[in-house]
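Let's walk through this structure together, starting with its charged contacts and moving on to its surface, its interior and its loops. Keep the 3D view open as you read.

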Amino acid sequence: MWTILFGLYFLALGGILALHNLGVLTLRENNGWGVAWALLLVVLGVGIMARGGARRTGRCEHGHGRAAGDVRIGDSPFDLKDATYEIGMGRLTVDLTRAMVAPGEATARAHTGMGSLQVLLPEALAVDINAAVGIGDLHVLEQTAQGFGRDLRVTSPDYAQAERRVRLDLDVGIGEIVVRRAGQPPAG
């Protein structure tokens with residue numbers, strides 16, 4: 001998490017300096033070294049985010065991490081145990097419709113530094129969802145929020161009594177989170 005934040009910091013700082021040195025923003029006198037420093041900070045920010053997004057959490061039994069791209073989890077049946085899925089930049093789709101959930105509670109965590117995080121749930125699965133976005137949009141089942149530092153908590157009414165239940169912790173730095181049931185149309 002901190003790695004992504006530091007990467008976003010350097011990316012933003014480098015972007016601001018680049019805009020200044022290109023004459024879009026006015027911060028102080030323009031010079032050639034400013035452009036070089038700005039580009040160095042942007043590259044440093046992207047590199048930090050990519051390294052952070054590719055890191056895999058050792059505490060999970062089932063997890064995936066990747067720096068960037070379009071990652072899809074759940075195209076074939078899998079056992080959902082405590083899992084962590086991370087991507088630095090891009091789209092992460094976690095399809096739980098083919099997940100085999102053992103009796104009790106399973107926990108899944110998913111993080112995207114910059115991009116889209118989409119979760120598809122089976123119709124009857126009991127869930128407790130904590131979703132947060134630094135900058136962007138949240139569409140969690142029937143609830144929505146947008147802006148800066150937004151979060152939503154949605155819990156199935158039968159969660160405590162359900163034989164099989166999943167706790168989802170979802171976060172995106174910049175972008176969107178969309179969580180829907182298999183029978184629902186995509187948010188849009």
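## Glu105 and its partner

In this predicted model, glutamate 105 comes out as partly exposed, because its relative accessible area of 38% falls between the 20% limit for buried and the 50% limit for exposed. What does glutamate 105 form a salt bridge with? The partner is arginine 167, and the closest N and O atoms of the two are 2.9 Å apart. This contact links distant parts of the chain: glutamate 105 belongs to strand S5 (residues 104-121) and arginine 167 to strand S8 (residues 164-181), with the two positions 62 residues apart.

Arginine 167 also counts as partly exposed, as its relative accessible area is 23% and the cut-off for buried is under 20%.

## Asp128 and the wider network

Now look at aspartate 128. Is aspartate 128 buried or exposed? Aspartate 128 is buried, with a relative accessible area of just 2%. Its side chain meets that of arginine 167 in a salt bridge, at 2.3 Å from N to O. Aspartate 128 sits in strand S6 and arginine 167 in strand S8, so this pair ties together parts of the chain 39 residues apart in sequence.

Aspartate 128 has another salt bridge, with arginine 153, where the closest N and O atoms are 2.7 Å apart. Here arginine 153 comes from strand S7 (residues 143-155) and aspartate 128 from strand S6 (residues 126-140), so the contact ties together parts 25 residues apart in sequence. Put the shared partners together and you get one network of salt bridges joining Glu105, Asp128, Arg153 and Arg167. Over the whole model, the count comes to seven salt bridges.

## A nonpolar patch on the surface

Which residues make the nonpolar surface patch of about 300 Å²? Ile135, Phe148 and Ile174 do. Isoleucine 174 is part of strand S8, the strand that also holds arginine 167. With a relative accessibility of 32%, isoleucine 174 counts as partly exposed, and so it clears the cut-off of over 30% that patch residues need.

## The cavity inside

Rolling a probe the size of a water molecule over the atoms shows where empty space is left. How many cavities of 30 Å³ or more does a search of the whole structure find? The search turns up one, and the largest cavity has a volume of about 30 Å³. If you want to find it on screen, pick out Tyr85, Val94, Ala108, Arg109, Ala110, Val119, Leu168 and Leu170, which line it.

Strand S3 (83-95), S5 and S8 each give at least two residues to this lining. S5 has the largest share, with four residues. By type, the lining of the largest cavity splits into seven nonpolar residues, no polar ones and one charged.

Histidine 111 is also in strand S5. Histidine 111 is buried, because its relative accessible area is 9%, under the 20% cut-off. The C-alpha atoms of histidine 111 and leucine 170 are separated by 5.9 Å, although the two residues are 59 residues apart along the chain. Leucine 170 is one of the residues that line the largest cavity.

## Two loops to check

Most residues other than glycine have a negative phi. Leucine 141 goes the other way: its phi is positive, at about 50 degrees, although it is not a glycine. You'll find leucine 141 in the loop between S6 and S7.

The loop between S7 and S8 holds proline 157. Is proline 157 buried or exposed? Proline 157 is exposed, with a relative accessible area of 85%. Measure along the sequence and proline 157 is 30 residues from valine 127, while in space the two are 9.0 Å apart, C-alpha to C-alpha.

## The overall layout

Stepping back, the protein chain has two helices and eight strands. Reading along the sequence, the pattern is α-α-β-β-β-β-β-β-β-β. Of the 188 residues of the chain, 38% count as buried, aspartate 128 and histidine 111 among them.

How values were computed
Residues are numbered from 1 along each chain as its sequence is written. This is a predicted model: local features need pLDDT of at least 70, side-chain atom pairs count only at pLDDT 80 or more; totals for chains, interfaces and linings use all residues. Side-chain values use heavy atoms; hydrogens and water are left out. A salt bridge is a side-chain nitrogen of Lys or Arg within 4 Å of a carboxyl oxygen of Asp or Glu. Buried means under 20% relative accessible area, exposed over 50%, partly exposed in between (1.4 Å probe, protein chains only). Patches are made of residues with over 30% relative accessible area and no salt bridge: like charges are joined within 9 Å, nonpolar side chains (Val, Leu, Ile, Met, Phe, Trp, Tyr) within 5 Å. Accessible areas come from the Shrake-Rupley method with a 1.4 Å probe; for residues, only the protein chains shown count as cover. On a 1 Å grid over the protein atoms alone, a cavity is a set of points where a 1.4 Å probe fits but cannot get out, and a pocket is an open set with protein on both sides within 12 Å along at least five of seven lines; lining residues have an atom within 4 Å of a point. Grid points are joined across faces, edges and corners, and a volume is the space filled by probe spheres set on the points. Ala, Val, Leu, Ile, Met, Phe, Trp, Tyr, Cys and Pro count as nonpolar, Asp, Glu, Lys and Arg as charged, and the others, Gly among them, as polar.
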